[in-house]
Amino acid sequence: MAELWSAALPLLRQQVGERNFVTWIEPIRCTSNTSGVELEVPNRFFQEWITRHFLNAIRSTLAAVAGEPCAVRTVINEGWSAPPLPPLPARREPAPPPARRTAKIGHLVAHYTFETFVVGDANQVAYQAAIAVAEAPGRRFNPLFLHGGVGLGKTHLANALAHELLKRNPRQRLASLSAESFMNSLITSLRQDQMAQFRDRFRHVDALILDDVQFLAGKERTQEEFFHTFNSLYGGGKQIVLTSDKAPAAIAGLEQRLKSRFEGGLIADIHPPTLAMRVEIVRQKAAALACSLPEEVAWLLARTAGASVRELEGALTRVLAAATLRGVAVTMELAQQALRPLARQGAPASVELVQEAVSRHFKISVADLKSHRRERSLTHARQLAMYLSRVVADASFPAIAEKFGGRDHSTVMHAVRVVEERRTGDPALADLIVSLEGSLRSRSAA
Ligand code: ADP
Ligand code: MG
């Protein structure tokens, strides 16, 4: 039976991934008796986790190796504790006792400060709230709940608040981490029967900043533990700051009691930055990198790079890298060239935009374009619009068919093929396609 288990291990390693394998599969001891295979695990939590996440994979792998179904069950062997986890530092540094005022959980990005955060209409409320909390933690706005789309500065703002708290009180015991790290830490503690230390760590901080709490959705055990952490801190007048990509009420899979806790303080949302803010962000980032950027390039970036600040930064980096590689200064021409590939990947034009552009060009109505009328001029325009919907709007055949009066998707496939063939032998059509494509792409990038 030991051979069976050894033979199954490499297969399981592939199936569950290295991290899971090392954490959950490798520590298992396999024994057997007349009633089948027994997997020895160190404690009840380990047993539940294995049962819920890996038992099916283990069963089917053992069956595959043995060539017949195996009865598999898990048993707790109280006599041994799970072996150490090599990659997790949490275990090697035992939690400092609460009396020592050194506990710092998580890490902060050094340059995510209030000073480097560009403020405007889109994030004014969130910014002011963060400042107010930093000035009087635990007193006003508790909890502070920041939410907004991806790459709009939630983590930056939460880190800035943490820096400010530490600046005002360097002895502050601060936990600033992602909800995912919180969960991982919890799992490790459960697995190693160290829940007392876990609670000690998280319930004795002066402020807790938990990033991306939407991650808790559906993670019941973690929500349960977090609920108690929250109550304990809140009850003790400690500041809690949460960030999420959605408002509390909109997080599906989050327990109602947590939602109402989150809603009990101040909820501030961050909107996508306005054009003027985007220009300012570009200017500031370039200045921080000691790069000079022509004003028109800052505007070009602000206008064309994707919606989030993260994408904006990516585009700036791209332009600066192009200049550095060539050893030249940034010019408008260089920037345009460097950004061209991004514009292609940018938010695609919608089928609706394509339909508008094509009907405008052929001076027909969008309704005619979608209709089932078969005059030659209409068919021609319709096929071109379907082609562009596929190429520029990147819509699927069925989606296009649906938006052209509920046709069959094979009609769209046919249209795309026809236009493709025709454009090679028809320079006027080829020109028209290039020009429509160009205007649609720049429209969607604007
Ligand atoms: P989120 O956590 O909302 O996904 P981040 O905080 O990670 O977004 O922000 C993404 C990037 O954009 C970071 O590098 C951050 O510094 C930058 N950023 C976002 N908003 C601003 C802002 N208002 N001013 C300056 N930089 C910003
Ligand atoms: Mg973030």
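Begin by selecting helix α1, residues 2–16, together with helix α4, residues 55–66: their axes come within 9 Å and cross at roughly 130 degrees. This angle makes α1 oblique to α4, since an angle counts as roughly antiparallel when it is over 145 degrees and as roughly perpendicular from 65 to 115 degrees. The crossing of α1 and α4 is right-handed. Please keep in mind throughout the tour that the model is predicted.

**Second stop: another helix pair**

Next, select helix α9, residues 195–203, and helix α10, residues 220–235. The axes of α9 and α10 come within 10 Å and cross at roughly 45 degrees. The helices α9 and α10 are therefore oblique to each other. Viewed for its handedness, the crossing of α9 and α10 is right-handed.

**Third stop: a loop with two backbone features**

Move now to the loop between α6, which spans 124–135, and β5, which spans 144–148; Pro143 has its place here. Select Asn142 and Pro143 and display the backbone. The peptide bond that leads from Asn142 to Pro143 is cis, and its omega is near -5 degrees.

Then select Phe141, which also belongs to the loop between α6 and β5. What is the sign of phi at Phe141? The phi of Phe141 is positive, at about 50 degrees, although Phe141 is not a glycine.

**Final stop: the surroundings of ligand 1**

Select ligand 1 and the residues around it. There are 18 residues in these surroundings, and those that come nearest are Gly151, Lys154, Thr155, His156 and Arg310. By character, the shell around ligand 1 consists of seven nonpolar, seven polar and four charged residues.

Three side chains may now be examined in turn. Show Thr155 first: an N or O atom of its side chain is 2.7 Å from an oxygen atom of ligand 1. Turn next to Asn123, where a polar side-chain atom lies 3.3 Å from a nitrogen atom of ligand 1. Finally, show Arg310, whose side chain has an N or O atom 2.8 Å from an oxygen atom of ligand 1.

How much of the accessible area of ligand 1 does the protein cover? On its own, ligand 1 has 560 Å² of accessible area, and the protein covers 95% of it. To complete the view, colour α7 (154–168), α12 (275–288) and α14 (309–326), the elements that each give two or more residues to the shell around ligand 1.

Key:
Residues are numbered from 1 along each chain as its sequence is written. Chains are lettered from A and ligands numbered from 1 in the order in which they are written. This is a predicted model: local features need pLDDT of at least 70, side-chain atom pairs count only at pLDDT 80 or more; totals for chains, interfaces and linings use all residues. Side-chain values use heavy atoms; hydrogens and water are left out. A residue is near a molecule or strand if one of its heavy atoms lies within 4 Å of it. A polar contact is a pair of N or O atoms within 3.5 Å; within protein, one must be able to donate a hydrogen and the other to accept it, and residues adjacent in sequence count only if both atoms are side-chain atoms. Accessible areas come from the Shrake-Rupley method with a 1.4 Å probe; for residues, only the protein chains shown count as cover. Helices (H or I, at least four residues) and strands (E, at least two) are DSSP runs, numbered from the N terminus. Ala, Val, Leu, Ile, Met, Phe, Trp, Tyr, Cys and Pro count as nonpolar, Asp, Glu, Lys and Arg as charged, and the others, Gly among them, as polar. Axes are lines fitted to C-alpha atoms, for helices over the stretch in contact, and angles run from 0 to 180 degrees between N-to-C directions. Angles under 35 degrees count as roughly parallel, over 145 as roughly antiparallel, 65 to 115 as roughly perpendicular and the rest as oblique. A crossing is left-handed if the near helix is turned anticlockwise from the far one by less than a right angle, and right-handed if clockwise.
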